[in-house]
Amino acid sequence: MALQIITWLLFFSLLYLLITSIIFLRNRIELTSLYAESSLDNQLRVSVCIPARNEEGSIRNLLQSLKDQDWPNYEVLVMDDQSTDQTFEIAESFQEKYPRKFFVYKGKEKPANWLGKPWACHQLFHKSTGEILLFLDADTQIQPGTLRKIVASFDHYNLDMLTVWPRQKLVTFWEQTIIPVVYYTLLSVLPAIYVYRNPKWMPSFLRKKMNTKFTAACGQCLAFRRHAYETIGGHESVKNQVIEDVELAKRIKKEGFVLRMFDGIGTVSCRMYHNENEIFEGFRKNFLLGFNNSIFVFILMGVLHLIVFVLPFITILISLLTFNRTIFFLSVASIVLILMQRLILAIWFKMNPLFSFTHPIAVLWFEWLAIVKIRDYFGGTSTNWKGRKV
């Protein structure tokens, strides 16, 4: 009886992986890099808006990467969100050297009903003058020509908003084990092209209703046409949202504006975290929110991931002990599909391919995080990030 249950679970796992493999391979084709050429007038102004709180270890690299962009008309605005380190002084040194390009501000006290990042971005908007608003996290860097490519992408695809999924810089064991799973999960379940346009197979009466369901965004790199940003209410409309990037994207699509996602290969890079503790606390603040705060869905997805991504690695050993060919075949087929997707992802986003084989470790790590998050939920525990409650 137990072997029969295992067999059926493996059938389910293999079916799930076959479906996600199709989505993943489609994304490999349709999730493109930023467009290269623009027919727009070079006078179109770009405002690069950088909210920064305690970013002394990374902000210099970002500002350095912005110094020599070949787009002729842009400004770089840094909002120091009451940092307690040298963030302001580092940013100010760029303003002193390049006073016509860099502008640094001390952020005002955060209102009680705002979260920190939306508040900083809201202040940046009011300081900006550009027709294109580009919001970058302070731990990102951009390559030469990136601003030109962002403007070109707005022009070529007739966009109102775009978001870039940066190439993640991964150094430590836990960075290389955990961070790729975020990209893997996104690219194996969401057809990226449907963020840009409605599915052609969907009946027309459902398209408007389902429009915001096909939405994703990466807050590390978001850009808007000013008119669209103002129409949706800007960051003020998401002032208390932890996942403000996705909420902004939903508002863009709800208003009938056009959004597209791009990969950041050759344009945008980021090092999100530097150790396992930072990763844990960083994901802890918004992990449950990614499931609309539904504990039922949260637990259901946790069980799903155990069945699909951990069980085959266990059952392959069981099959060798029981000489069960069916379980062996299903286990091997599932593992091959997992590793195939992870290896393609590693090559695509220039990650270490050896860490494709740590996928079940990463899944178990997220299972532990889920348990902690459920405990937080029922215990009423709030999380802290950069010295503030979230």
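In helix H10 (residues 244-254) of this predicted model, seven positions deserve a first look: Glu 244, Asp 245, Val 246, Leu 248, Ala 249, Ile 252 and Lys 253 are buried. These buried residues pack against three helices and three strands, namely helix H4 (116-127), helix H7 (193-196), helix H9 (226-231), E6, E8 and E9. Past the helix comes Gly 256, with a positive phi near 85 degrees.

**The sheet**
- An open sheet is built from seven strands, and its order reads E3-E2-E1-E4-E8-E6-E9.
- The pairing in this sheet is mixed.
- At the edges you will find strand E3 (102-106) and strand E9 (259-263). Each has a single partner strand, so one side of each is left without a neighbour in the sheet.
- Averaged over the sheet, and with direction ignored, neighbouring strands are turned by 20 degrees against each other.

**Strand pairs to look at**
- Strand E1 (residues 46-52) and strand E4 (residues 132-136) run parallel and are joined by four bridges.
- Within that pair, Leu 134 in E4 is the residue opposite Val 48.
- E2 and E3 also run parallel, and five bridges join them.
- Here Val 78 faces Val 104 in E3 as its opposite number.
- Together with H3, these two strands, E2 and E3, make a right-handed β-α-β unit.

**Helices on the sheet**
- Helix H3 (residues 87-97) packs on the sheet, where it touches E1, strand E2 (74-80) and E3. The direction of H3 makes about 150 degrees with that of E3.
- Helix H5 (residues 146-157) packs on the sheet as well, touching E1, E2, E4, strand E6 (161-165), strand E8 (221-225) and E9. Relative to the direction of E8, that of H5 makes about 50 degrees.

**The H12 and H13 pair**
- Helix H12 (residues 295-322) packs with helix H13 (residues 325-348) at an angle of about 145 degrees, and their axes are 8 Å apart.
- The two helices, H12 and H13, cross in a left-handed way.
- From H12, the contact draws on Val 308, Phe 309, Pro 312, Phe 313, Thr 315, Ile 316, Ser 319 and Leu 320.
- From H13, the contributors are Ile 327, Phe 328, Ser 331, Val 332, Ser 334, Ile 335 and Ile 338.
- Sorted by character, the residues of this contact comprise 11 nonpolar, four polar and no charged.

Definitions and conventions: Residues are numbered from 1 along each chain as its sequence is written. This is a predicted model: local features need pLDDT of at least 70, side-chain atom pairs count only at pLDDT 80 or more; totals for chains, interfaces and linings use all residues. Side-chain values use heavy atoms; hydrogens and water are left out. Two strands pair if DSSP finds at least two bridges between them. Axes are lines fitted to C-alpha atoms, for helices over the stretch in contact, and angles run from 0 to 180 degrees between N-to-C directions. Contact means heavy atoms within 4.5 Å. A crossing is left-handed if the near helix is turned anticlockwise from the far one by less than a right angle, and right-handed if clockwise. Ala, Val, Leu, Ile, Met, Phe, Trp, Tyr, Cys and Pro count as nonpolar, Asp, Glu, Lys and Arg as charged, and the others, Gly among them, as polar. A crossover is right-handed if, with the strands pointing away from the viewer, the path from the first strand over the helix to the second runs clockwise. Buried means under 20% relative accessible area, exposed over 50%, partly exposed in between (1.4 Å probe, protein chains only).
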